[in-house]
Amino acid sequence: MHEVPLNVARGFLMGAADVVPGVSGGTVALVLGIYRRLVASIKAGSSGLGAIVRWRPSEITRHLGSVEWRLVVPLLIGIGLAILLLAGIIERQLHDRPIQMAALFLGLVAGSVVVAWRLLTVRDLPRLAVVAGVGLIVFWVLGLRGGTTADAVGQVGDPALWGFFGAGAVAIWAMILPGISGSFILVLLGMYGPTLSAVNDRDFGILVVFTLGAVIGLAFFSQLLHWLLTTHHDTVMAGLIGLMLGSIRVLWPWPGGVESTTLGAPDRLVLVSVALALAAFFVVVVINEAAIRHEQRQHARGLEAPTLP
């Protein structure tokens, strides 16, 4: 039982990472030495959920019995605590310091681009074409939103319930996709601010819908994503890199931080914003480097090395 409070603390660190766009909670799990166990439980749990949807009782018992609940439940408690405690702080900072927060998020995502790039084993012309193509398409599509990027990382807008359901279903992919956080997915969907508000307002109706979407998304899509990463790893990673590069459209701090989709020249708070972006960038890179060193030590001890998230 002494491992339970430790796992709650581990979950808190993972939740603190995932509540900001650009930091992968999976990378934190690897640094903490629980990534292989967590991925195995996620895979078993998603298979169990799929069996429930298809109603195959024998498979339900087998898969859910393989989940390491003493690890998963305390981690979820810790992640939930981190989200509840930190969401309010982040929401206030988004409102009061939009330029600084946009710069911070930009640095985090830039660091994640480096992490994903290091995971590419083949950097040939087709993969580079995928990076460029996806990046340009995402950049263009995000520009079609019009209005303000506060819908993405601020507090404007009142999404329908189905929007929260869809956001949960897609954001849960970040538990499987390496080097990308669920919050980043929410930013791209324009659901980051509304979800933060729902957490801070304790809007349990919306949170239940979001969670239900996450459960359904995990049940239906985790096996597909696992297959894509297994059979088309470099192409998927190239697409993720393009996705993150294209997201600059909603993370560029100027002219108004999270208040405008227009890409302007740096005009105020430049030094502070650059410092925050660089600090965030190096935090992600240093955490990833620690994860790589941990993976290498595991491999040197003769253990099966997990895929770095």
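Asn7, in this predicted model, touches a part of the chain well outside its own stretch of sequence: leaving aside neighbours within four places, Asn7 is in contact with Arg70, Leu71, Pro74 and Leu75. Asn7 itself lies in helix α1, which runs over residues 3-18. Its relative accessibility is 1%, and because buried means under 20%, Asn7 counts as buried.

From this one residue we can turn to the nonpolar cores. In soluble globular proteins, nonpolar side chains tend to be buried together. In this model the largest nonpolar core has 46 residues. The residues with the most contacts inside this core are Ile90, Phe105 and Tyr192. Helix α6 supplies the largest share of the core, nine residues. Another core, of 14 residues, lies apart from the largest one. Ala29, Ile34, Tyr35 and Ile79 are among the residues of this other core.

Two of the residues just named, Phe105 and Tyr192, also appear among the aromatic pairs. A pair of aromatic rings is described by the distance of the centres and the angle of the planes. The structure holds three such pairs. In one of them, Phe105 and Tyr192 are 5.9 Å apart, centre to centre, with 90 degrees between the planes, an edge-to-face arrangement. This pair links distant parts of the chain, since Phe105 is in helix α6 and Tyr192 is in helix α11 (residues 192-200), 87 residues apart. Both Phe105 and Tyr192 are buried.

Trp252 and Trp254 form another edge-to-face pair, with 5.4 Å from centre to centre and 70 degrees between the planes. Are these two rings' residues buried or partly exposed? Trp252 has a relative accessible area of 26%, so it is partly exposed. Trp254, at 5% relative accessibility, counts as buried.

Helix α13 shows how a whole helix can be examined. It covers residues 233-246, which makes 14 residues. At 1.5 Å a residue, the helix should span 20 Å, and because its end C-alpha atoms are 20 Å apart, the model agrees with that expectation. The helix is mostly covered, with 10 of its 14 residues buried. Those buried residues are Asp234, Met237, Ala238, Gly239, Leu240, Ile241, Gly242, Leu243, Met244 and Gly246. What do they pack against? The buried residues of α13 pack against four helices: α6 (98-119), α7 (125-143), α10 (182-189) and α14 (248-251). Helix α6 is thus a partner of α13, and α6 also gives the largest share of the largest core.

Methods: Residues numbered from 1 in each chain as written. Predicted model: local features only at pLDDT ≥ 70, side-chain atom pairs only at ≥ 80, totals over all residues. Heavy atoms only, no water. Helix = DSSP H or I, 4+ residues; strand = E, 2+ residues; numbered from the N terminus. Expected span 1.5 Å × (residues − 1). Buried < 20%, exposed > 50% of the residue type's maximum accessible area, 1.4 Å probe, protein only. Contact = heavy atoms within 4.5 Å. Phe/Tyr/Trp six-rings, centres within 6.5 Å; stacked < 30°, edge-to-face > 60°. Core = buried A, V, L, I, M, F, W, Y, C linked by side-chain atoms within 4.5 Å.
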